[in-house]
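Please open the structure in your viewer and keep the sequence panel at hand. The tour below proceeds from one selection to the next.

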Amino acid sequence: MPELFAYTDGACSGNPGPGGWGVLLLAKEDGRVVKERTLSGGEAETTNNRMELMAAISALESLSRASDITVVTDSAYVKDGITKWIHAWKRNGWRTGGKKPVKNAELWQRLDAAQARHNVTWEWIKGHAGHPENERADELARAGMAPFKPKPSEKS
């Protein structure tokens, strides 16, 4: 049975602004890649954190059956949110410790539901540090953002 990995990344031009997300899904056997799939998308007006969340959500929602998967992200926001903070948010009715509404609560709820179908291991890696798979996910995120970025002739 191959091991599954999802390398995820989000990007934004301005924050908020046009954004994109990217996913590199790899199935590995004995350390070598036996199958690869890429996903990307974007939005016209969004934030970097929302795109980081959408990458993780899209990776998990794209799997047709329950799987053991390692999600590798360069977003401490995503990793800490889903592994630490979410438990208190759910207990507190999607409010922070300061009683404010959780930002991006609908995406956190979607990620929580997506991960519930799987056995997920979450890993954080430093972004833009020469990790080839993370660099590929970043390229996919930037490609997902491209259709939403204004053309040079459209800038005011």
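**A buried starting point**

Select Val23 first: in this predicted model, its relative accessible area is 0%, so the residue counts as buried, the cut-off being under 20%. Val23 is part of strand β2.

Next, display the surroundings of Val23. Which residues is Val23 in contact with, leaving aside its neighbours within four places in sequence? They are Ala6, Tyr7, Thr8, Arg37, Thr38, Leu39, Ala55, Ala59 and Leu140. For a distance reading, add Leu107: Val23 and Leu107 are separated by 84 residues in sequence and by 17 Å in space, C-alpha to C-alpha.

**The sheet**

Now select the strands. Five of them form an open sheet, in the order β3-β2-β1-β4-β5, with mixed pairing. At the edges are β3 (32-46) and β5 (119-124), each of which pairs on one side only. On average, neighbouring strands of this sheet are turned by 20° against each other, direction ignored.

Move to residues 68-73, which make up strand β4. In which sense do β4 and β5 pair, parallel or antiparallel? The pairing is parallel and extends over six bridges. Within this region, select Val71 and then Trp122 in β5, which stand opposite each other.

**The helix across the strands**

Finally, select residues 132-145, helix α4. This helix lies across β1 (3-12), β2 (17-29) and β3, and it runs at about 140° to β2. To close the tour, return to strand β2 and Val23, and display Leu140, one of the residues in contact with Val23.

Conventions: Residues numbered from 1 in each chain as written. Predicted model: local features only at pLDDT ≥ 70, side-chain atom pairs only at ≥ 80, totals over all residues. Heavy atoms only, no water. Pairing = 2+ DSSP bridges. Helix = DSSP H or I, 4+ residues; strand = E, 2+ residues; numbered from the N terminus. Axes fitted to C-alpha atoms, helices over the stretch in contact; angles between N-to-C directions. Contact = heavy atoms within 4.5 Å. Buried < 20%, exposed > 50% of the residue type's maximum accessible area, 1.4 Å probe, protein only.
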